[in-house]
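Biologist: I am new to this structure and should like to go through it with you. May I begin with individual side chains and then turn to the chain as a whole?

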Amino acid sequence: MVSMSRFVLQDCRVRNHEAVYRPIISSLVSSRRMQSHLDVRGRVSFLQMPGSCLSIRSKALKAVATLSADAYPPDFSGDVPGSSSSGLSQYEKIIETLTTLFPVWVILGTIVGIYKPAAVTWLETNLFTLGLGFLMLSMGLTLKFEDFKRCLRNPWTVGIGFLAQYLIKPVLGFLIAMMLKLSAPLATGLILVSCCPGGQASNVATYISKGNVALSVLMTTCSTIGAIIMTPLLTKLLAGQLVPVDAPGLALSTFQVVLVPTIVGVLMNEFFPKFTAKIVTVTPLIGVILTTLLYASPIGQVAEVLKAQGAQLILPVALLHGVAFALGYWMSRVSFGESTSRTISIECGMQSSALGFLLAQKHFTNPLVAVPSAVSVVCMALGGSALAVFWRNRPIPADDKDDFKE
């Protein structure tokens, strides 16, 4: 999908588990829920964001400004005092608005895909591959080596999210396919999409729901890297009895489309930060447009099937996402706080359906295998957005458990 915005505190001392937020979709999103105080040494000013990167820099060590929790009490409506969008450039405001309206673009893309498929079906396999690879590169451009070290500081929290993505979801996909007695191609397609890694759309849903966006980004990153092994392995184990599964081919495609662009982006951001800063000034707008196309194109390519069998196809996919959201949340509540549980729920329920569609097209001869991924694009986006809005109107408890270490 799209590069995730970074809220970076540079040359500052930060005591907060959510000081770094990168909610997608290529938008600038300011940090929220600053529950502990923030000490800033030096005069603080907001600089214009280079693409999706907003920096707060210490300009001169002349004074110490302390924004304490007493002076600015936590705002559990989801806003940080003084962090309104008024400090953003016009370009950044446009990107933020486009990102917030993500569900609207999905709906419009679905309508166009069904009734005017020719408008989006030109984005066929090769171009689709390039588009998805570009979005993975965009994600990599927002990451640094330090982000992977943070995974090691949070093995339990990130690990639970990884297991939810690659244990709960694939098993659900298999059970639903068997219980509803789907045909072999449709069952395979449902299992395939359930084995795909987390999608960057989960980051923006987490942001809206007042979840832990920093944790969401880490979970998405880990599941994306793990996809090269887990997606082909699980698809082979669960769907191999239904149709032939080219596990090595799936692994190679995942490596080429997901892992390579992400690694290239990370290396560019780590070793050529100035060059990267120039690139990310244009990736957000391209990302919003490209994401909409990558969501609309699968719908357009299976439009005739959806018109003929729409209701039959929607039920299993909707069940997959709905049950995954519920299980992810309630199982997490056993050990984690509200914010972390919301994050794991959204990560569990949302995945890269576009990757599932691409893999189905490239490695399965029956075109029906790609249909569940196309339907998943809509169900995932709308279900995740609806859940996020629901949670946004339910405050995080003031004594919520802190499960994340920066």
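**Burial, rings and charges**

Biologist: Does Phe 336 count as buried or exposed?
Modeller: Phe 336 has a relative accessible area of 6%. Buried means under 20%, exposed over 50% and partly exposed in between, with a 1.4 Å probe and protein chains only. By that scale, Phe 336 is buried.

Biologist: What kind of model is this, and from which number are the residues counted?
Modeller: This is a predicted model: local features need pLDDT of at least 70 and side-chain atom pairs count only at pLDDT 80 or more, while totals for chains, interfaces and linings use all residues. Side-chain values use heavy atoms, with hydrogens and water left out, and residues along each chain, as its sequence is written, are numbered from 1.

Biologist: How many helices does the chain have?
Modeller: Helices (H or I, at least four residues) and strands (E, at least two) are DSSP runs, numbered from the N terminus. The chain has 6 strands, and its helices number 15.

Biologist: What share of the residues counts as buried?
Modeller: The chain holds 406 residues. Its exposed area is about 16500 Å², with 68% supplied by carbon and sulfur atoms; this accessible area comes from the Shrake-Rupley method with a 1.4 Å probe, and for residues only the protein chains shown count as cover. The buried share of the residues is 57%.

Biologist: How many residues apart in sequence are Phe 128 and Phe 357?
Modeller: A search of the whole structure finds 6 aromatic pairs. Phe 128 and Phe 357 form one that is tilted, at 5.7 Å centre to centre and 50 degrees between the planes; rings of Phe, Tyr and Trp (its six-membered ring) pair if their centres lie within 6.5 Å, and planes under 30 degrees apart count as stacked, over 60 as edge-to-face and the rest as tilted. Phe 128 lies in helix α3 (residues 125–140) and Phe 357 in helix α14 (residues 353–363), so that the pair links parts of the chain whose separation in residues is 229.

Biologist: Are Phe 128 and Phe 357 buried or exposed?
Modeller: The two members of this aromatic pair share one class. Both Phe 128 and Phe 357 are buried.

Biologist: Which residue pairs with Trp 156 in a tilted aromatic pair?
Modeller: The rings of this pair are 6.1 Å apart centre to centre, with 40 degrees between the planes. Trp 156 lies in helix α5 and its partner in the loop between α12 and α13 (338–349), so the pair ties together parts that are 180 residues apart in sequence. Trp 156 counts as exposed, at 54% relative accessibility. The partner is Phe 336.

Biologist: Which residues does Leu 192 contact beyond its neighbours within four places in sequence?
Modeller: Leu 192 is found in helix α6 (residues 184–194) and is buried, with a relative accessible area of 0%. A contact means heavy atoms within 4.5 Å. Leaving those neighbours aside, Leu 192 touches Thr 231, Thr 235, Gly 356, Leu 359, Ala 360 and Phe 364.

Biologist: How far is the backbone oxygen of Cys 195 from a polar atom of the side chain of Thr 231?
Modeller: Thr 231 lies in helix α8 (residues 213–239) and is buried, with a relative accessible area of 0%. The residues that Thr 231 touches include Leu 192 and Cys 195. From the backbone oxygen of Cys 195 to the polar side-chain atom of Thr 231, the distance is 2.8 Å.

Biologist: Which helix gives the most to the nonpolar patch?
Modeller: The patch covers about 720 Å² and has Leu 163, Met 179 and Leu 315 among its residues. The elements giving two or more residues to the patch are α5 (155–179) and α12 (303–332). With 5 residues, the one that gives the most is α5.

Biologist: Which residue forms salt bridges with both Arg 333 and Arg 342?
Modeller: A salt bridge is a side-chain nitrogen of Lys or Arg within 4 Å of a carboxyl oxygen of Asp or Glu, and the structure holds 2 of them. The closest N and O atoms are 3.6 Å apart in the bridge to Arg 333, and the bridge to Arg 342 is 2.7 Å, N to O. Arg 333 counts as partly exposed, at 35% relative accessibility. The residue that joins them in a network is Glu 338.

Definitions and conventions. Patches are made of residues with over 30% relative accessible area and no salt bridge: like charges are joined within 9 Å, nonpolar side chains (Val, Leu, Ile, Met, Phe, Trp, Tyr) within 5 Å. A polar contact is a pair of N or O atoms within 3.5 Å; within protein, one must be able to donate a hydrogen and the other to accept it, and residues adjacent in sequence count only if both atoms are side-chain atoms.
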